[in-house]
Amino acid sequence: MIIGKGAGIILIANDRRILLQYRNKDNKWNQDSWGEFGGQIEEGETPEEAVKRELKEELGIELVDLKFFKKYELQRKKGIYEQFVFIASLNYPIESLKKQQKEGKDLALFVYEEIKNLKMADYTRKILEDFFKENGKNIPRKTGAFVFGEKLGIIKI
C-alpha cells in the first residue's frame, strides 16, 4: 500500500560538487542530517511539479531543465513511500542560495568523498551512491553538457 509520495533532486554545480541541505532538529523527517532538496508531492501534482515547487519554497529558485533519475520505494511500517528523484545542473552561486534559503539549517556543496562521511538517512545515502555508481565518482567537468548514463542521455547546462 502506498502511504505517501515525495520528490527530491540532486543538484550538480559546475565544479562537479553536489548541493545538499542540512535539516533542522525540528524538521519532520531526517532531523539533524544532510539530504537532498525536495519534499511531499501534493494532491494533483506530478513529481516534477512537486520538486520545482519545493525548490521555489526552499531556495527561491526556478529550474526549467531537470531530468528524471529514479523512483525509489521505501518500506515503512504502514506501507510504501515512493520517492521520485531528479537531476539538474545548479547555475546559482552558493552565496546567493545561502541568503535565500528558507528551510533547513544550512546548505553546502560536497564531492563524493565528503558525502560518504556525512550524517544522512540511509535512503538518501542509497540515492547518492546509486547516482555516483551510475555516473562515476568524478562527474564530468562543464563541457556544454553533462552525460548521465545511457538511461538519461544528456542534461544541458
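## Ground rules

Buried means under 20% relative accessible area, exposed means over 50%, and partly exposed is anything in between (1.4 Å probe, protein chains only). By that yardstick Lys52, with a relative accessible area of 29%, is partly exposed.

Keep in mind that this is a predicted model: local features need pLDDT of at least 70, side-chain atom pairs count only at pLDDT 80 or more, and totals for chains, interfaces and linings use all residues. Residues are numbered from 1 along each chain as its sequence is written, and side-chain values use heavy atoms, with hydrogens and water left out.

## The overall fold

The protein has five helices and nine strands. Helices (H or I, at least four residues) and strands (E, at least two) are DSSP runs, numbered from the N terminus. Reading from that end, the order is β-β-β-β-α-β-β-α-β-α-α-β-α-β.

Of its 157 residues, 45% count as buried. Now for contacts, meaning heavy atoms within 4.5 Å: among those between residues at least 6 apart in sequence, 62% join residues at least 24 apart. The accessible surface comes to about 8,800 Å², and carbon and sulfur atoms account for 49% of that. Areas like this come from the Shrake-Rupley method with a 1.4 Å probe; for residues, only the protein chains shown count as cover.

## Salt bridges around helix α1

A salt bridge here is a side-chain nitrogen of Lys or Arg within 4 Å of a carboxyl oxygen of Asp or Glu. The structure holds 16 of them. One pairs Glu42 with Arg53, with the closest N and O atoms 3.6 Å apart. Glu42 sits in the loop between β4 (37-40) and α1 (47-59) while Arg53 is in helix α1, so this pair ties together parts that are 11 residues apart in sequence. The two ends differ in cover: Glu42 is partly exposed at 43% relative accessible area, whereas Arg53 is buried at 17%.

Lys52 has a partner too, in Glu48, at 3.2 Å from N to O. Both residues lie in helix α1, four residues apart, which is about one turn of the helix. Glu48, like its partner, is partly exposed, with a relative accessible area of 33%.

## Another pair, and a network

Further along the chain, the side chains of Lys67 and Asp65 meet in a salt bridge at 3.7 Å, N to O. Lys67 is partly exposed at 28% relative accessibility, and Asp65 is partly exposed at 31%.

Some salt bridges share partners, and these join Glu42, Glu45, Arg53, Glu54 and Glu57 into one network.
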